[in-house]
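Open your viewer, keep the sequence panel beside it, and follow along stop by stop. Each stop names something to select and then tells you what is there.

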Amino acid sequence: MFRGLYTATSGMMANNRQQQVLTNNLSNANTPGFKEDQTVFRAFPKQLIQAIENSKKGTIVPQNIGSLTTGVYTQEGIPSFLQGPLKETGNQTDVALLDELLPTNPETQQKGSMVFAVAAEDGEVRYTKNGSFAVDTQGFLTTSDGFAVLGENLQPIQVGSSDFTVQDNGEILLANGTQENRLWVGYSENPQQFVKEGQNLLRWTGNPEAAPQFIDNVDLLDGTPSFMKQGFIEQSNVDLTKTMTDMMTTYRGFESNQKVIQAYDRSMEKAVNEIGRV
């Protein structure tokens, strides 16, 4: 009798988790370089239902009825690395990566992704798609959250002021004409191995040998030397219309499971108050 109650409860918990993910996507719709999370519903392992019957010979014989799924849960959000629209800002410190130039993997029919490298608070290398940079008081190039942007040698880049030019291949040309390092831009064929750490940072959790590699050869882009654009930022890839629709659908699913629990509650109340008096 209570099996359906547990199933409806798990459905409510799954809908609640999905709503949290959608809300987070919606709140970051204006965050440059943000990648929306997608949730996946998965069912609990199925149980085999059997009925026990007495045979003509007096022995107990189990009879298979079939399998039954006893609930559902929401898998953790999986980031979608589809490129968001580019927005021209005119700021010299803004740089956008052009993922649409990347070749498609013939086996998976998926494109890889390019990322910038930054130094996290613990000194470890992290990655980001947010190219909305700034220059700190010491003249170092940083993210909008203050993390140092790393160059080709994985060291912070000192540009002095915001008056600099980023070449098509990531080389930085200062106002006085001197070249100052080169932006570290990495490429990954499987960006789904990134895990979000907050503040628009990504951590690689996949095979270390398959970690993002520094793009030092433009052959990856089929001979196109330009894979970044200065004065532009990549906007969030969150689709506001789709997200709002998904939030309404999730709410209706939560409401439906709630009504199932209320129906079970009324059935149990009737069993206790009426059948129990007989």
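Helices (H or I, at least four residues) and strands (E, at least two) on this tour are DSSP runs, numbered from the N terminus. What you have open is a predicted model, in which local features need pLDDT of at least 70 and side-chain atom pairs count only at pLDDT 80 or more, while totals for chains, interfaces and linings use all residues. Residues are numbered from 1 along each chain as its sequence is written, and side-chain values use heavy atoms, with hydrogens and water left out.

**The whole chain**

Start with a cartoon view: the protein has two helices and 20 strands. Of its 278 residues, 35% count as buried, where buried means under 20% relative accessible area, exposed means over 50%, and partly exposed is in between (1.4 Å probe, protein chains only). Taking contact as heavy atoms within 4.5 Å, residues 24 or more positions apart account for 66% of the contacts with a separation of 6 or more.

**Stop 1: I215**

Select I215, in the loop between β18 (213–214) and β19 (228–230). I215 is buried, at 4% relative accessibility. Now add Y187: the C-alpha atoms of I215 and Y187 are separated by 6.5 Å, and the two residues are 28 apart along the chain.

**Stop 2: the aromatic cluster**

Next, show F81, Y127, W184, F194, W204 and F214 as sticks; they form one aromatic cluster. Rings of Phe, Tyr and Trp (its six-membered ring) pair if their centres lie within 6.5 Å; planes under 30 degrees apart count as stacked, over 60 as edge-to-face and the rest as tilted. The structure holds six aromatic pairs. One of them joins F81 and F194, a tilted pair with 5.9 Å from centre to centre and 45° between the planes. F81 sits in the loop between β4 (72–79) and β5 (86–88) and F194 in strand β16, so this pair ties together parts that are 113 residues apart in sequence. Are these two rings buried or exposed? F81 is buried with a relative accessible area of 9%, and F194 is buried at 2%.

**Stop 3: the largest pocket**

Keep F81 selected and add L82, Q110, K111 and Q192: among the 17 residues that line the largest pocket, these five lie nearest its centre. On a 1 Å grid over the protein atoms alone, a cavity is a set of points where a 1.4 Å probe fits but cannot get out, and a pocket is an open set with protein on both sides within 12 Å along at least five of seven lines; lining residues have an atom within 4 Å of a point. The largest pocket holds about 320 Å³ of space; grid points are joined across faces, edges and corners, and a volume is the space filled by probe spheres set on the points. Its lining divides into five nonpolar, nine polar and three charged residues. Here Ala, Val, Leu, Ile, Met, Phe, Trp, Tyr, Cys and Pro count as nonpolar, Asp, Glu, Lys and Arg as charged, and the others, Gly among them, as polar.

**Stop 4: the second largest pocket**

Move on to F34, K196, G198, N200 and L201, which lie nearest the centre of the second largest pocket, out of 16 lining residues. The elements giving two or more residues to this lining are β16 (194–198) and β17 (201–204). The volume of the second largest pocket is about 190 Å³, and its lining has four nonpolar, eight polar and four charged residues.

Zoom in on the loop between β16 and β17, where you will find Q199 and N200. Most residues other than glycine have a negative phi. Q199, though not a glycine, has a positive phi of about 55°, and N200, also not a glycine, has one of about 65°. Q199 is partly exposed at 46% relative accessibility, whereas N200 is buried at 18%.

**Stop 5: P85**

Select P85, in the loop between β4 and β5. P85 is partly exposed, at 47% relative accessibility. Which residues does P85 touch, leaving aside its neighbours within four places in sequence? They are I233, E234, Q235 and S236. Measure on to N237 as well: its C-alpha atom and that of P85 are separated by 7.0 Å, with their positions 152 residues apart along the chain.

**Last stop: T143**

Finish at T143 in strand β10 (residues 141–143). T143 is buried at 7% relative accessibility. Beyond its neighbours within four places in sequence, T143 is in contact with V118, S132, F133 and V149.
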